[in-house]
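Colleague: Before I rely on any labels for this protein, I would like to hear how each one follows from its criterion. Could you take me through them once the structure is on screen?

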Amino acid sequence: MVAAAKTRDNSTAGNTKTILLLPLGDFPKSDASLLLQRLRAVCDNVRLLPAEPIPRSAWYNPRKRYRADSLIQWMARRAGSGQVYIGITAQDISTTKNGHADWGVMGLGFQPGKACVASFHRLHARNRQDEFFKVAIHELGHTAGLPHCPERTCFMRNAEGGNPTGEEKEFCKNCREKLVAEGWRL
Ligand SMILES: [Zn+2]
Ligand SMILES: [Zn+2]
(Lines give C-alpha, C1' and ligand atoms only; values in the text may rest on other atoms or scores of the structure.)
(Ligands and ions follow the chains in the order given, each with its own letter.)
Protein backbone atom coordinates (compact mmCIF):
# COMPACT_ATOMS: atom_id res chain seq x y z
CA MET A 1 0.00 0.00 0.00
CA VAL A 2 1.40 3.34 -1.03
CA ALA A 3 0.05 5.26 1.96
CA ALA A 4 2.11 3.28 4.46
CA ALA A 5 5.32 4.39 2.79
CA LYS A 6 4.49 8.07 2.93
CA THR A 7 5.64 10.27 5.76
CA ARG A 8 3.57 12.77 7.74
CA ASP A 9 5.54 15.78 6.57
CA ASN A 10 3.94 18.59 4.64
CA SER A 11 4.99 17.27 1.26
CA THR A 12 1.64 15.49 0.94
CA ALA A 13 -0.50 18.41 2.16
CA GLY A 14 -3.07 19.56 -0.36
CA ASN A 15 -2.84 16.32 -2.28
CA THR A 16 -6.26 15.09 -1.27
CA LYS A 17 -8.44 13.69 -3.96
CA THR A 18 -11.65 15.41 -4.92
CA ILE A 19 -14.53 13.58 -3.28
CA LEU A 20 -17.71 13.68 -5.37
CA LEU A 21 -20.91 13.05 -3.44
CA LEU A 22 -23.54 11.61 -5.80
CA PRO A 23 -27.11 11.18 -4.52
CA LEU A 24 -28.61 8.14 -6.25
CA GLY A 25 -32.36 8.15 -6.68
CA ASP A 26 -34.66 9.91 -4.25
CA PHE A 27 -32.36 11.12 -1.47
CA PRO A 28 -33.22 13.73 1.20
CA LYS A 29 -31.42 17.01 0.47
CA SER A 30 -30.93 17.70 4.19
CA ASP A 31 -29.04 14.41 4.66
CA ALA A 32 -26.87 15.15 1.63
CA SER A 33 -25.98 18.67 2.83
CA LEU A 34 -25.20 17.50 6.34
CA LEU A 35 -22.89 14.77 5.05
CA LEU A 36 -21.25 17.33 2.74
CA GLN A 37 -20.56 19.62 5.71
CA ARG A 38 -19.16 16.86 7.86
CA LEU A 39 -16.89 15.53 5.11
CA ARG A 40 -15.67 19.05 4.33
CA ALA A 41 -14.47 19.27 7.92
CA VAL A 42 -11.94 16.49 7.26
CA CYS A 43 -11.26 16.52 3.51
CA ASP A 44 -10.27 19.56 1.46
CA ASN A 45 -12.10 18.96 -1.78
CA VAL A 46 -15.63 17.67 -1.43
CA ARG A 47 -18.42 18.46 -3.91
CA LEU A 48 -22.09 17.58 -3.94
CA LEU A 49 -23.27 16.57 -7.43
CA PRO A 50 -26.87 16.84 -8.65
CA ALA A 51 -28.87 13.69 -7.89
CA GLU A 52 -29.13 11.04 -10.60
CA PRO A 53 -31.46 8.07 -11.02
CA ILE A 54 -29.98 4.93 -9.53
CA PRO A 55 -28.85 2.79 -12.50
CA ARG A 56 -31.32 0.04 -13.30
CA SER A 57 -28.40 -2.20 -14.30
CA ALA A 58 -27.54 -2.56 -10.60
CA TRP A 59 -31.01 -3.90 -9.69
CA TYR A 60 -30.99 -7.44 -8.24
CA ASN A 61 -34.46 -8.77 -8.81
CA PRO A 62 -34.36 -11.92 -6.62
CA ARG A 63 -33.97 -9.76 -3.49
CA LYS A 64 -35.50 -6.52 -4.82
CA ARG A 65 -32.49 -4.37 -4.04
CA TYR A 66 -29.41 -2.88 -5.69
CA ARG A 67 -25.98 -4.44 -6.03
CA ALA A 68 -23.39 -2.25 -4.32
CA ASP A 69 -20.53 -3.69 -6.38
CA SER A 70 -22.34 -2.81 -9.65
CA LEU A 71 -22.96 0.74 -8.41
CA ILE A 72 -19.28 1.11 -7.53
CA GLN A 73 -18.16 -0.12 -10.94
CA TRP A 74 -20.60 2.27 -12.64
CA MET A 75 -19.22 5.26 -10.70
CA ALA A 76 -15.57 4.17 -10.95
CA ARG A 77 -15.82 4.27 -14.76
CA ARG A 78 -16.78 7.95 -14.54
CA ALA A 79 -14.15 8.98 -12.01
CA GLY A 80 -11.35 11.05 -13.51
CA SER A 81 -7.83 10.98 -12.13
CA GLY A 82 -7.73 12.41 -8.62
CA GLN A 83 -11.48 11.85 -8.14
CA VAL A 84 -13.32 9.54 -5.79
CA TYR A 85 -17.09 9.03 -6.03
CA ILE A 86 -19.28 8.23 -3.10
CA GLY A 87 -22.80 7.24 -4.08
CA ILE A 88 -25.34 7.96 -1.37
CA THR A 89 -28.70 6.24 -1.41
CA ALA A 90 -31.76 5.49 0.67
CA GLN A 91 -32.16 2.15 -1.14
CA ASP A 92 -31.09 -1.21 0.28
CA ILE A 93 -27.80 -2.40 -1.24
CA SER A 94 -26.02 -5.75 -1.24
CA THR A 95 -22.93 -7.60 -2.33
CA THR A 96 -21.53 -11.13 -2.33
CA LYS A 97 -20.05 -11.68 1.10
CA ASN A 98 -19.43 -14.22 3.85
CA GLY A 99 -20.43 -17.10 1.56
CA HIS A 100 -23.78 -15.45 0.72
CA ALA A 101 -24.58 -14.72 -2.92
CA ASP A 102 -26.42 -11.55 -1.95
CA TRP A 103 -25.72 -10.03 1.45
CA GLY A 104 -27.25 -6.72 2.53
CA VAL A 105 -24.73 -4.04 3.55
CA MET A 106 -24.70 -0.46 4.87
CA GLY A 107 -21.92 0.46 2.47
CA LEU A 108 -19.17 -0.91 0.26
CA GLY A 109 -15.83 0.44 -0.92
CA PHE A 110 -12.93 -1.16 -2.76
CA GLN A 111 -9.51 -0.88 -1.11
CA PRO A 112 -8.09 1.21 -2.61
CA GLY A 113 -10.62 2.40 -5.17
CA LYS A 114 -12.18 5.24 -7.13
CA ALA A 115 -15.71 4.79 -5.85
CA CYS A 116 -17.76 3.60 -2.91
CA VAL A 117 -21.38 3.62 -1.88
CA ALA A 118 -23.26 4.23 1.38
CA SER A 119 -26.92 3.52 2.15
CA PHE A 120 -28.97 4.60 5.11
CA HIS A 121 -31.56 1.87 4.59
CA ARG A 122 -30.17 -0.27 7.45
CA LEU A 123 -29.44 2.54 9.91
CA HIS A 124 -31.42 3.42 13.03
CA ALA A 125 -33.90 6.16 12.08
CA ARG A 126 -33.38 8.16 15.29
CA ASN A 127 -29.63 8.41 14.74
CA ARG A 128 -29.50 8.18 10.99
CA GLN A 129 -27.39 11.22 10.17
CA ASP A 130 -24.62 10.40 12.61
CA GLU A 131 -24.53 6.74 11.62
CA PHE A 132 -24.57 7.67 7.94
CA PHE A 133 -21.49 9.85 8.37
CA LYS A 134 -19.69 6.93 10.02
CA VAL A 135 -20.62 4.56 7.18
CA ALA A 136 -19.52 7.13 4.58
CA ILE A 137 -16.20 7.89 6.22
CA HIS A 138 -15.53 4.15 6.63
CA GLU A 139 -16.07 3.51 2.91
CA LEU A 140 -13.98 6.54 1.93
CA GLY A 141 -11.29 5.14 4.25
CA HIS A 142 -11.32 1.95 2.15
CA THR A 143 -11.03 3.93 -1.09
CA ALA A 144 -8.00 5.69 0.46
CA GLY A 145 -6.45 2.26 1.00
CA LEU A 146 -7.34 1.41 4.60
CA PRO A 147 -8.26 -2.18 5.54
CA HIS A 148 -10.54 -3.08 8.44
CA CYS A 149 -9.24 -2.25 11.89
CA PRO A 150 -9.34 -4.37 15.07
CA GLU A 151 -10.05 -1.34 17.32
CA ARG A 152 -13.69 -1.44 18.47
CA THR A 153 -14.07 2.34 18.57
CA CYS A 154 -12.40 3.00 15.20
CA PHE A 155 -14.42 4.07 12.15
CA MET A 156 -12.64 1.31 10.17
CA ARG A 157 -14.02 -1.47 12.34
CA ASN A 158 -15.56 -4.40 10.45
CA ALA A 159 -19.35 -4.23 10.77
CA GLU A 160 -19.50 -8.04 10.49
CA GLY A 161 -23.06 -8.02 9.25
CA GLY A 162 -24.34 -5.77 12.05
CA ASN A 163 -24.37 -2.07 12.77
CA PRO A 164 -21.66 -1.26 15.34
CA THR A 165 -21.60 2.48 14.53
CA GLY A 166 -22.84 3.28 18.06
CA GLU A 167 -19.49 2.11 19.44
CA GLU A 168 -17.40 3.91 16.83
CA LYS A 169 -15.97 7.22 18.06
CA GLU A 170 -13.18 8.23 15.68
CA PHE A 171 -10.29 6.87 13.61
CA CYS A 172 -7.72 5.15 15.83
CA LYS A 173 -4.17 6.52 15.83
CA ASN A 174 -2.97 4.01 13.28
CA CYS A 175 -5.75 4.63 10.76
CA ARG A 176 -5.63 8.39 11.35
CA GLU A 177 -1.93 8.54 10.52
CA LYS A 178 -2.47 6.75 7.22
CA LEU A 179 -5.25 9.16 6.24
CA VAL A 180 -3.27 12.23 7.29
CA ALA A 181 -0.52 10.96 4.98
CA GLU A 182 -3.18 10.98 2.22
CA GLY A 183 -3.95 14.63 2.97
CA TRP A 184 -6.95 14.28 5.29
CA ARG A 185 -7.29 16.84 8.12
CA LEU A 186 -7.76 14.64 11.17
ZN1 LIG B 1 -15.44 -2.02 5.51
ZN1 LIG C 1 -8.31 2.00 13.14
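Modeller: Let me begin with the aromatic side chains, where F133, F155, F171 and W184 form one cluster; please keep in mind throughout that this is a predicted model.

Colleague: What makes F133 and F155 an edge-to-face pair?

Modeller: Ring centres must lie within 6.5 Å for a pair, and planes over 60 degrees apart count as edge-to-face; the centres of F133 and F155 are 6.2 Å apart and their planes stand at 90 degrees, so both conditions are met. F133 belongs to helix α4 and F155 to the loop between α4 and α5, so this pair ties together parts that are 22 residues apart in sequence. Both F133 and F155 are buried.

Colleague: How do you know which geometry F171 and W184 adopt?

Modeller: Their ring centres are also 6.2 Å apart, with 80 degrees between the planes, and since the edge-to-face class begins over 60 degrees, F171 and W184 are edge-to-face as well. Here the loop between α4 and α5, which holds F171, is tied to the segment after α5, which holds W184, so the pair joins parts 13 residues apart in sequence. F171 and W184 are both buried.

Colleague: Why is R38 said to sit over the ring of F133?

Modeller: The distance part of the criterion asks for CZ of Arg within 6 Å of the ring centre, and the charged end of R38 sits over the F133 ring at 4.0 Å from its centre. R128 is placed likewise over the ring of F120, 4.0 Å from the centre.

Colleague: What makes H138, H142 and H148 donors of the zinc ion (ligand 1)?

Modeller: A donor atom has to lie within 2.8 Å of this metal, and the NE2 atoms of H138, H142 and H148 lie 2.0 to 2.1 Å from the zinc ion, so they satisfy that limit. Their spacing in sequence is H-x3-H-x5-H. H138 sits in helix α4 (residues 128–143), whereas H148, 10 residues away, is in the loop between α4 and α5 (173–181).

Colleague: Why is H138 called buried, and why is H148 called partly exposed?

Modeller: Buried means under 20% relative accessible area and exposed means over 50%, with partly exposed in between. H138 has 8% relative accessibility and is therefore buried, while H148, with a relative accessible area of 37%, is therefore partly exposed.

Colleague: How do you know that C43 is in no disulfide?

Modeller: The two sulfur atoms would have to be within 2.5 Å, whereas the nearest cysteine sulfur to that of C43, belonging to C116, is 11 Å away. A search of the whole structure finds zero disulfides. C43 is nonetheless buried, because its relative accessibility is 1%, and C172 counts as buried at 14%.

Colleague: What makes β6 and β7 paired strands?

Modeller: Pairing requires at least two bridges, and strand β6 (residues 93–97) and strand β7 (residues 100–105) share four bridges in the antiparallel sense. I93 stands opposite V105 in β7. The two strands form a hairpin with two residues between them, and N98 in the turn has a positive phi of about 50 degrees.

Colleague: Which residues have the most contacts inside the largest nonpolar core?

Modeller: They are I86 and F171, in a core of 35 residues. Among the elements giving two or more residues to this core are β1 (18–23), α2 (29–40) and β5 (83–89), and α4 gives the most, with six residues.

Conventions:
Residues numbered from 1 in each chain as written. Chains lettered and ligands numbered in written order. Predicted model: local features only at pLDDT ≥ 70, side-chain atom pairs only at ≥ 80, totals over all residues. Heavy atoms only, no water. Donors = N, O, S within 2.8 Å, 3.2 Å for Na, K, Ca; no water. Buried < 20%, exposed > 50% of the residue type's maximum accessible area, 1.4 Å probe, protein only. Phe/Tyr/Trp six-rings, centres within 6.5 Å; stacked < 30°, edge-to-face > 60°. Lys NZ or Arg CZ within 6 Å of the ring centre and 35° of its normal. Core = buried A, V, L, I, M, F, W, Y, C linked by side-chain atoms within 4.5 Å.
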